[in-house]
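Here are some short exercises on charged side-chain pairs, each with a worked solution. Have a look at the model, then try each task before reading on.

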Amino acid sequence: MASPLIIKTCYLSARHLHPHPHHHHHHCSFLFSTTSPKPPKFHSLKSIKMEGANEITEEAKENVNQNKRKIFVAGATGSTGKSIVEQLLAKGFEVKAGVRDLAKARATFSKHGPSLQIVIADVTEGSDKLVQAIGDDSEAVICATGFRPGWDLFAPWKVDNLGTVNLVEACRKLGVKRFILISSILVNGAAMGQILNPAYIFLNIFGLTLVAKLQAENHIRKSGINYTIVRPGGLRNEPPSGNLVMEPEDTLYEGTISRDLVAEVAVEALGLPEASYKVVEIVSRADAPKRTYEDLFGSIKQK
């Protein structure tokens, strides 16, 4: 039987390999990163059953909290939210999925292991409940919420404006420093002279959706939190085709993009200083050149 001393040594060497051990109950999965120049993908080396693991529980918890890489995703069961969760997990992040419907979430994320935690989070219910959901172990929040068209004409306002504002306020209370919002092109369509654009009219029939999103964007920009606001064109469920086009705010008034590519932009923005305090508009085009995310975000000026 292994002595606590050996366990501790083995634990520290694992920490040397990779600073974010996934520690839960009496199992410890040791991870190592590949040496590719891309953001590392993590592979489980082996899982070692540890006797006397209680000896290191507190120490392990402390170390995990010092190196937290847990991302809170609001609207995680939506089509874009689901893709964000899957891409974060694939990159080795831990994810806390904020959902309204637990049964739907369990069906959506049935195959995922201990890196995914599902919590109830309704953005319309005020910031205090969201503080509990986000908790002190989330280092960033990605907001991919969206109302479902229905009879409630105030739904877009409650979700896309007040809900997002609640999420920002919860981040302020918790000291979460990074916020990424999935918004939409044409939110400022009126100011762009696009008031007669069919897309602007269509998207605003549902209770001024774009106006609600714009109000939320303005709140984020005044909040002092390091934000990236991603405004995609028309969302498609098909796999990405063509290359990403990224433009400054209030530039694009047409075009479409795959939800998976929107999710990729949000996930890439997390780790890039070039994405800080920026509003970007994105579509994909067959004739666009292939560019790195550093280059794309770097080409957009902060306002």
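Buried means under 20% relative accessible area, exposed over 50%, and partly exposed in between (1.4 Å probe, protein chains only). This is a predicted model, in which local features need pLDDT of at least 70, side-chain atom pairs count only at pLDDT 80 or more, and totals for chains, interfaces and linings use all residues. Residues are numbered from 1 along each chain as its sequence is written, and side-chain values use heavy atoms, with hydrogens and water left out.

**Exercise 1.** Classify E125 and K129 by accessibility, then look at how their side chains meet.

*Solution.*
- Step 1: E125 has 44% relative accessibility, so E125 is partly exposed.
- Step 2: K129, at 52%, is exposed.
- Step 3: Their side chains form a salt bridge (a side-chain nitrogen of Lys or Arg within 4 Å of a carboxyl oxygen of Asp or Glu), with 3.2 Å from N to O.

**Exercise 2.** Find the salt-bridge partner of R221 and place both residues in the chain.

*Solution.*
- Step 1: The partner is E249, with the closest N and O atoms 2.8 Å apart.
- Step 2: R221 sits in helix α8 (residues 209–222), while E249 is in the loop between β11 (243–248) and β12 (256–258), 28 residues away. Helices (H or I, at least four residues) and strands (E, at least two) are DSSP runs, numbered from the N terminus.
- Step 3: R221 is partly exposed at 26%, whereas E249 is buried at 15%.

**Exercise 3.** Are R231 and E281 buried or exposed?

*Solution.*
- Step 1: Both are buried.
- Step 2: Their side chains meet in a salt bridge at 2.8 Å, N to O.
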